[in-house]
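Open the model in your viewer and keep the selection panel at hand. We will go from stop to stop, picking something and looking at what is around it.

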Amino acid sequence: MKKICFFLLFCLMMNRICAQVIAWDFIGAIGDETAVAPTTVDPHLTASSISRGTGINAAALANAYSANSWGAVNLPDAIVANEYFQFSVQVNTGYQAFLATLNANFRRSATGPNSFQWQYSLDGFTTAGLNMGAAISYTGTATAGDAQATVNLTGISSLQNLPAGTIITLRLYGWGASALSGSFALGRLAGNDLAIGGSNIVVPVLLSSFTGTNEGRFNRLRWSTATELNNLGFEVQRSATGIQYNVIGFVNSLASAGNSNNSLDYSFIDTTPAGTKQYYRLRQVDIDNHSKLSPILLIKGEKPLLVTIDALFPNPAADKVNVSLMAPANDKFTIIVMDINGRTMLRQNGSVETGNTIVTIDISRLNKGFYFLKLVCGGEVLNKRFIKGN
């Protein structure tokens with residue numbers, strides 16, 4: 001199953017035409033607006049308005065977004081003092097994003113800040129932000145400002161393969177002003193003053209959920225899709241060992257002609273399970289016979305009495321780790337991924353159904369190393385360790 005996935009991408013693939021998918025053109029602005037909405041936003045992304053940190057003040061400057069009171073003397077001071085411009089980008093349902101480049105036009109007065117750093121965060125700067133490229137030194141005072149060198153983000157692995165729902169927050173910190181009256185602005189370029197380049201490619205559909213329960217003499221499987229394009233349906237496979245699988249059924253796509261932009265729910269009943277453990281997976285098949293396998297689902301014959309983490313796989317994991325949960329009843333859960341120093345790196349909320357549920361955690365933006373996974377569900381707090389590898 002395939003669908004269009006819009007990238008924040010700058011000529012990463014030579015056979016694709018690049019475009020600015022998020023951009024601000026400040027023509028007509030006074031400069032001291034509280035916040036300014038982007039003038040270009042790709043329909044498959046959601047972007048916030050650009051705004052100022054609480055440590056700087058709005059300053060009027062035609063055709064720009066401006067501020068003064070830049071009092072920090074270095075980056076750590078600027079972070080503590082909240083002296084920055086900020087905006088965020090959210091990936092819409094059913095899409096993936098890949099950040100690649102950032103372009104901006106700087107304009108400063110003679111006493112304004114002369115050093116700058118772009119940073120990003122995937123948790124709204126709850127934890128420390130991470131640098132996007134090197135610090136920028138800019139001492140120019142041209143009336144129309146100067147276009148800065150493109151910030152290349154393709155080498156930052158944690159900004160690639162961002163799943164739907166991810167919110168990326170970007171900040172531009174400034175410091176080194178010689179007077180609080182000195183100003184700095186984005187704007188005054190003939191065209192877009194702040195922009196992220198983009199393109200699009202075709203990627204597999206996202207399977208939004210896959211769960212199962214034992215109901216006496218049979219097992220019931222349930223799964224959902226967020227969107228579908230050219231989907232023929234789902235081949236249901238079963239295994240007693242988790243290694244060799246046999247086909248036990250096929251469920252046709254509920255989408256008209258295999259295409260849908262709405263969430264669709266599916267179910268399948270296995271009436272002949274054997275033994276106390278059954279492994280299941282789906283092979284999603286396109287109309288053109290391309291296919292993709294789902295995560296593996298384990299259903300036990302006995303009903304669990306407590307919430308348990310039945311498996312954590314693969315381990316080590318490269319991009320995603322699957323958590324197999326067994327629950328005695330429908331419930332809510334929170335999963336927290338922490339590094340070896342106890343810092344929260346990821347947090348994911350969701351729900352489980354009675355029986356087995358597979359929860360997939362995207363760890364592609366984590367650095368290699370050891371991590372701890374904490375599950376809070378049904379009054380239970382469970383911990384597992386895993387390794388983020390290549």
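Which backbone nitrogen lies 2.9 Å from a polar atom of the side chain of Asp339? It belongs to Asn341. Keep in mind as you look around that this is a predicted model.

**Stop 1: Asp339**

Stay with Asp339, which you will find in strand 29, residues 331-339. Now add Arg343 to the selection: its side chain makes a polar contact with the side chain of Asp339, at 2.7 Å. The two residues also form a salt bridge, and 2.7 Å is the distance between the closest N and O atoms. Is Asp339 buried or exposed? It counts as buried, because its relative accessibility is 8% and the cut-off is under 20%. To see what surrounds this side of the chain, show Met345, Phe370, Tyr371 and Phe372, which Asp339 touches when residues up to four places away in sequence are not counted.

**Stop 2: Arg238 and Asp270**

Next, select Arg238 and Asp270. These residues form a salt bridge with the closest N and O atoms 2.9 Å apart. The pair links distant parts of the chain, with Arg238 in strand 21 (residues 231-239) and Asp270 in strand 23 (residues 264-270), 32 residues apart. Turn on a surface here and check both partners. Arg238 is buried, with a relative accessible area of 19%, and Asp270 counts as buried at 4% relative accessibility.

**Stop 3: the salt-bridge network**

Move on to Glu215, Arg220 and Arg222, and show their side chains together. What links these residues? They are joined in a network of salt bridges. Within it, zoom in on Arg220 and Glu215, whose closest N and O atoms are 3.1 Å apart in their salt bridge. Glu215 is partly exposed, at a relative accessible area of 28%. If you would like to tick them off, the structure holds 5 salt bridges.

**Stop 4: an open sheet**

Switch to a cartoon view and colour strands 23, 20, 19, 31, 28 and 27. In that order they make an open sheet of 6 strands with antiparallel pairing. Which strands form the edges? They are strand 23 and strand 27 (308-313), each of which pairs on one side only. Strand 23 is already familiar, as it holds Asp270 from the second stop. Looking across the sheet, you can follow how neighbouring strands are turned by 20° against each other on average, with direction ignored.

Now narrow the selection to strand 28 (residues 320-327) and strand 31 (residues 355-362). This pair runs in the antiparallel sense over 8 bridges. For a landmark, label Ser324, which stands opposite Ile358 in strand 31.

**Stop 5: Met132**

For the last stop, select Met132 in the loop between strand 12 (130-131) and strand 13 (136-137). Is this loop residue buried or exposed? Met132 is buried, with a relative accessible area of 1%. Expand the selection to its contacts, leaving aside neighbours within four places in sequence: Leu102, Gln117, Trp118, Gln119, Tyr120, Val151, Leu153, Ile156 and Leu170. Finally, draw a distance from the C-alpha atom of Met132 to that of Gly155: the two residues are 23 residues apart along the chain, and these atoms are separated by 9.9 Å.

Methods. Residues are numbered from 1 along each chain as its sequence is written. This is a predicted model: local features need pLDDT of at least 70, side-chain atom pairs count only at pLDDT 80 or more; totals for chains, interfaces and linings use all residues. Side-chain values use heavy atoms; hydrogens and water are left out. A salt bridge is a side-chain nitrogen of Lys or Arg within 4 Å of a carboxyl oxygen of Asp or Glu. Buried means under 20% relative accessible area, exposed over 50%, partly exposed in between (1.4 Å probe, protein chains only). Helices (H or I, at least four residues) and strands (E, at least two) are DSSP runs, numbered from the N terminus. Two strands pair if DSSP finds at least two bridges between them. Axes are lines fitted to C-alpha atoms, for helices over the stretch in contact, and angles run from 0 to 180 degrees between N-to-C directions. Contact means heavy atoms within 4.5 Å. A polar contact is a pair of N or O atoms within 3.5 Å; within protein, one must be able to donate a hydrogen and the other to accept it, and residues adjacent in sequence count only if both atoms are side-chain atoms.
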